[in-house]
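User: I am new to this structure and would love a close look at a single part of it. Could you pick one place, start there, and then work outward to its surroundings?

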Amino acid sequence: MTLKYLITGATGGLGAGVLSYLAANVPASEYAAASSKEENRKQFEDRGIAFRLASYDDPQTLETAFEDVENIFFVSTNTFDIEKRRKQHQNFVVAAKKMNLTWKPQLWYTSLAFGGYNSDSKAAVQQGHLMTEEMMKETGINFTSIREGLYTDAFPIFMGWYPSTSTVYLPSDGPIAFTLRSELGEANARLMIRGGYDRETVLLTAQQTVTFSEIVDLINETTGRNVQFELVSPEEFVRLKTASDEGGKGEGFFQALLSWYEGISKGETCTIDPLMADLLDRQPVPPREAIQAFLRENRDYEWHQNYVNRS
């Protein structure tokens with residue numbers, strides 16, 4: 001029996017959002033959750049959701065998971081190790097290519113919005129995505145690359161901000177079309193259901209941008225803090241953050257971030273596109289409103305990836 005949708009990364013934030021929308025809007029027989037861990041099977045099957053094991057490190061599990069699937073939601077792996085991501089994504093694409101011999105599944109790949117529609121970003125975080133997009137093109141399989149707006153939810157890690165931060169030190173201050181992860185989950189699901197966009201790149205973003213200095217102002221206005229914002233040289237940024245980061249991140253992380261900030265300063269994260277509003281049939285929540293909502297709910301709002309030892 002053909003399965004219409006397989007959602008990889010189903011225990012992660014974006015994948016879970018896509019799965020949640022499908023669960024509420026399409027028959028249970030049409031979709032399944034996939035995870036690299038067999039121990040996650042029970043949590044889905046207890047909810048009446050079919051489960052398939054799909055480890056990006058084990059090509060055989062991928063081939064088995066992809067059997068008779070029409071649409072595969074391909075969540076990029078959560079690692080800053082470009083070589084590790086290359087191998088994992090290669091395993092995924094090769095397995096999908098093998099399935100293409102008997103039917104033509106469509107991959108819906110979760111890329112990132114650095115560079116907008118251009119493919120020349122030098123941001124380290126974007127390099128793995130560009131590499132994967134090229135990989136899919138070379139295999140000849142059917143795919144859609146979804147360049148996801150940077151998560152509004154994750155603004156603390158982009159700014160190095162913690163509830164105790166008194167001064168935010170950054171090497172640049174450019175506009176970012178921050179986009180709510182929950183709305184991206186819904187928009188991705190609606191995109192797959194709509195179908196089409198074969199071998200295309202699409203952009204899902206909120207319709208407004210915000211800068212880091214404006215976010216500091218929002219933090220102060222919403223929580224009554226007096227956080228300062230200071231632009232520093234790239235070298236000083238790495239030195240300051242390595243010496244004082246509360247989350248335990250090391251120098252290598254902050255060195256890699258420099259390419260992100262360079263891209264942001266060049267306008268690589270300010271491209272907006274109407275597709276997300278069209279998919280949602282409403283305007284996405286603007287980044288300023290979303291950040292204020294997070295802080296009103298919890299003035300000490302945190303983001304787990306800001307901390308090395310939090311999953």
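Analyst: Let's begin with Tyr5, whose bridge partner in E2 is Tyr31. Three bridges join E1 to E2, and the two strands run parallel. Here strands (E, at least two residues) and helices (H or I, at least four residues) are DSSP runs numbered from the N terminus, and two strands pair if DSSP finds at least two bridges between them.

A word on the source: this is a predicted model, in which local features need pLDDT of at least 70 and side-chain atom pairs count only at pLDDT 80 or more, while totals for chains, interfaces and linings use all residues. Residues are numbered from 1 along each chain as its sequence is written, and side-chain values use heavy atoms, with hydrogens and water left out.

Now back to E1. Four of the five residues of E1 are buried, so this strand is mostly covered (buried means under 20% relative accessible area, exposed over 50% and partly exposed in between, with a 1.4 Å probe and protein chains only). Strand E1 (residues 3-7) also pairs in the parallel sense with strand E4 (residues 69-74), over four bridges. Along that pairing, Ile7 stands opposite Phe73, and Leu3 has Val69 as its bridge partner.

Stepping back, E1 belongs to an open sheet of seven strands with parallel pairing, in the order E3-E2-E1-E4-E5-E6-E8. Strand E3 (50-53) and strand E8 (200-204) are the edge strands, each pairing on one side only. On average, neighbouring strands of this sheet are turned by 25° against each other, direction ignored (axes are lines fitted to C-alpha atoms, for helices over the stretch in contact, and angles run from 0 to 180 degrees between N-to-C directions).

What packs on the sheet? One element is helix H1 (residues 13-25), which touches E1, strand E2 (31-35), E4, strand E5 (106-112) and strand E6 (142-148); contact means heavy atoms within 4.5 Å. The direction of H1 makes about 150° with that of E1. Helix H4 (residues 82-99) packs on the sheet too, touching E4 and E5, and its direction makes about 170° with that of E4.

E1 also helps to cover a helix. In helix H3 (residues 59-66), the buried residues are Thr61, Leu62, Glu63, Ala65 and Phe66, and their cover includes E1, E3, E4 and H4. Residues three or four places apart in an α-helix point the same way, because there are 3.6 residues a turn. Just after H3 comes Asp68, with a positive phi of about 60°. Most residues other than glycine have a negative phi.

Further along the chain, Tyr197 sits in the loop between H7 and E8, and its phi is also positive, near 60°. Asp281, in the loop between helix H11 (275-280) and H12, has a positive phi of about 60° as well, although it is not a glycine. Asp281 is exposed, because its relative accessible area is 68%.

Next, two glycines in loops that follow strands. Gly116 lies between E5 and helix H5 (124-139) and counts as buried because its relative accessibility is 0%. Apart from neighbours within four places in sequence, Gly116 is in contact with Arg147, Leu203, Glu268 and Thr271. Its C-alpha atom is 9.6 Å from that of Glu148, 32 residues away along the chain. Gly174 is in the loop between E7 and helix H7 (181-194), and it counts as buried at 3% relative accessibility. Leaving out residues up to four places away in sequence, Gly174 touches Val210, Thr211, Phe212 and Ile264. Between the C-alpha atoms of Gly174 and Thr269, 95 residues apart along the chain, the separation is 8.1 Å.

Helix H12 (residues 287-297) has Pro287, Ala290, Ile291, Gln292, Phe294 and Leu295 buried. Helix H6 (155-159) and helix H8 (212-223) are among the elements that cover them.
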